Number of protein chains: 2
Amino acid sequence: MDNRPIGVFDSGVGGLTVVKELLQHGPNEQIIYFGDTARVPYGSKSKETVTKYAKQIIRFLLTKDVKGLIVACNTISSNSLGELQHTFNIPIMGVVEPGAFMAADATHNQRVGVIGTEATIASQAYQKLIQKQNHQVEIFGQACPLFVPLVEEGWLTDSVTYQIVQKYLASLQEAKIDTLVLGCTHYPLLASVIQEIMGDQVTLINPALETVERFLRELQKIKGLRENKTPPKHEFYVSDNPRKFCEIGTRILSYPMNSVTQVNIETY
Amino acid sequence: MDNRPIGVFDSGVGGLTVVKELLQHGPNEQIIYFGDTARVPYGSKSKETVTKYAKQIIRFLLTKDVKGLIVACNTISSNSLGELQHTFNIPIMGVVEPGAFMAADATHNQRVGVIGTEATIASQAYQKLIQKQNHQVEIFGQACPLFVPLVEEGWLTDSVTYQIVQKYLASLQEAKIDTLVLGCTHYPLLASVIQEIMGDQVTLINPALETVERFLRELQKIKGLRENKTPPKHEFYVSDNPRKFCEIGTRILSYPMNSVTQVNIETY
């Protein structure tokens with residue numbers, strides 16, 4: 001057994017959709033979350049900048065004695081995971097490989113769509129990993145830069161949201177995909193609109209679920225699960241004023257975030 | 001005379017709308033521009049974070065021996081200008097005071113709207129400065145968080161853009177304003193849609209123009225204009241990979257940006 005906490009991090013508030021799965025599937029685990037709200041979004045930034053920021057975050061989380069890390073951010077997972085795993089001597093799992101595995105498994109007509117930030121789509125990380133699982137699959141990528149601000153604005157089911165989703169997904173409809181990866185942690189909050197526009201015959205993949213299940217299985221294999229019987233006390237850290245994070249975060253988690261602390265991440 | 005360059009800075013590419021006015025009205029001046037593209041946007045960040053970032057940028061620009069600074073960002077001008085002027089011993093002008101002056105001057109019915117980022121509107125900086133000019137004016141503020149990503153996506157005249165502009169500006173139409181301040185440097189790129197929705201009877205105020213004219217008048221007063229007859233060589237610096245900045249920037253300036261250099265701004 002290993003009673004130390006699990007570190008989860010993201011460019012901002014979106015990674016809480018991964019925390020939500022972790023609370024449900026590993027309710028005895030303690031979570032230390034970091035959201036880089038002072039430098040969000042990462043999706044339009046270069047690979048070098050994203051990697052530098054991720055390293056600072058990991059150095060911070062290591063001061064909290066975490067036993068392993070989940071990169072709850074598709075942009076970091078797509079662009080920096082290999083370098084992070086090479087740099088730090090601790091188990092680090094991204095959301096992209098589990099998401100790619102699910103998608104390769106789910107498709108019947110071998111036509112899979114991937115939506116995400118500009119950086120995630122440009123990296124072609126999903127494409128490479130899905131085709132590694134099943135080289136017959138054809139992948140159709142589409143960056144959707146307006147989805148994150150729409151979610152942060154709280155316009156989850158507005159008529160303009162429908163139109164913007166329609167506009168971005170038109171090419172994927174034409175491509176006749178049967179599986180669509182929600183390749184950004186904010187996107188599950190738009191799932192109902194996306195499902196309605198794509199139709200019931202298209203399977204939506206939320207990589208957070210498979211990531212969390214796989215991470216917990218790995219911990220179990222090495223007898224690394226927490227066995228302390230006292231309920232875990234989670235901690236949330238951000239790089240900007242916590243106010244807005246608490247507001248959107250409480251909506252995502254349906255969990256009152258009492259303890260959110262601001263950290264000067266640039267010094268790590 | 002003072003042949004040193006003028007420093008202009010913004011959270012990203014938007015401040016180039018100020019550079020555009022400076023190129024036109026002070027064509028003999030040399031410009032050093034900094035855009036904080038690694039940490040953009042500032043509009044959803046706290047006052048403390050915005051002020052810290054602005055100080056790092058000014059320390060960088062001071063290494064370039066600038067004679068004065070234009071804060072080409074409404075969020076920084078609204079939240080941090082006083083502290084920056086107090087901290088640094090160099091003339092610093094923001095865009096908010098000149099914009100407020102223009103608006104107070106332009107209104108006939110004493111009803112003025114201000115649109116900007118969440119941070120700019122929350123600061124009430126325009127409200128205070130417009131009412132200082134003319135305390136009879138009533139101000140109606142509206143944050144428009146989706147305008148910046150719409151501009152960066154290049155959707156300047158799409159039908160969803162019309163609908164989003166309509167949605168944000170409905171309350172200002174009801175308020176029967178006759179003057180509207182474009183309180184974010186990205187917004188002049190949406191001016192034609194905004195004008196169409198608000199109608200011809202509403203005067204749009206672009207603070208960049210008045211800011212540049214006022215800055216050049218101040219320089220002239222202290223005999224601080226550049227008199228070197230060789231054409232000025234402008235320099236552009238950013239904190240992330242310059243590729244996207246060059247692409248959007250060339251569109252804004254209609255000026256080929258050959259020399260854009262990446263700077264590690266966190267070390268300043």
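**Exercise 1. Determine how many helices and strands chain A contains, and how its overall dimensions relate to those of a compact globule**.

Solution. In this predicted model, the secondary structure of chain A comprises 11 helices and 10 strands. The next step is to consider the extent of the chain: along the principal axes, the C-alpha atoms of chain A fill a box of roughly 50 × 40 × 35 Å. For a compact globule of 268 residues one would expect a radius of gyration near 18 Å, and since chain A has 18 Å, the value agrees with that expectation. Turning to the interior, 52% of the 268 residues of chain A count as buried. Finally, among the contacts in chain A with a separation of 6 or more, 77% are accounted for by residues 24 or more positions apart.

**Exercise 2. Work out into which domains chain A is divided, and describe the side of domain 1 of chain A that touches domain 2 of chain A**.

Solution. Chain A is divided into domain 1, which consists of 6-94 + 209-267, and domain 2, which covers 97-206. The C-alpha centres of these two domains of chain A lie 22 Å apart, and the contact between them takes 23 residues from domain 1 and 21 residues from domain 2. On the side of domain 1 of chain A that touches domain 2, at least two residues each are supplied by helix H1 (16-25), helix H3 (74-87) and helix H10 (207-221). Sorted by character, the residues of that side of domain 1 divide into eight nonpolar, 11 polar and four charged.

**Exercise 3. Establish which rotation superposes chain B on chain A, and characterise the side of chain B that touches chain A**.

Solution. Two copies of a chain are related by a rotation about an axis and a shift along it. Here a rotation of 180°, with 0.0 Å of shift along its axis, superposes chain B on chain A with an RMSD of 0.0 Å, which is the relation of a two-fold axis. Within chain B, the residue that comes closest to this rotation axis is B:Arg39, whose C-alpha lies at 2.4 Å.

The contact between the chains takes 19 residues from chain B and 19 residues from chain A. Helix H2 (47-62), helix H7 (147-153) and helix H8 (159-174) of chain B each supply at least two residues of the side that touches chain A, and H8(B) gives the most, with four residues. The residues of this side of chain B divide into six nonpolar, five polar and eight charged. As a last step, 100% of the interface residues of chain B are also interface residues in chain A, and therefore the copies meet through the same surface.

Note on methods
Residues are numbered from 1 along each chain as its sequence is written. Chains are lettered from A and ligands numbered from 1 in the order in which they are written. This is a predicted model: local features need pLDDT of at least 70, side-chain atom pairs count only at pLDDT 80 or more; totals for chains, interfaces and linings use all residues. Copies are superposed by least squares on the C-alpha atoms of residues with pLDDT of at least 70 in both. Two residues are in contact if their C-beta atoms, placed from the backbone, lie within 7 Å. The radius of gyration is taken over C-alpha atoms; the globule rule is 2.2 Å times the number of residues to the power 0.38. A residue is buried if 20 or more other C-beta atoms lie within 10 Å of its own, exposed if 12 or fewer, and partly exposed in between; C-beta atoms are placed from the backbone. Ala, Val, Leu, Ile, Met, Phe, Trp, Tyr, Cys and Pro count as nonpolar, Asp, Glu, Lys and Arg as charged, and the others, Gly among them, as polar. Domain bounds come from an automatic or database domain assignment.
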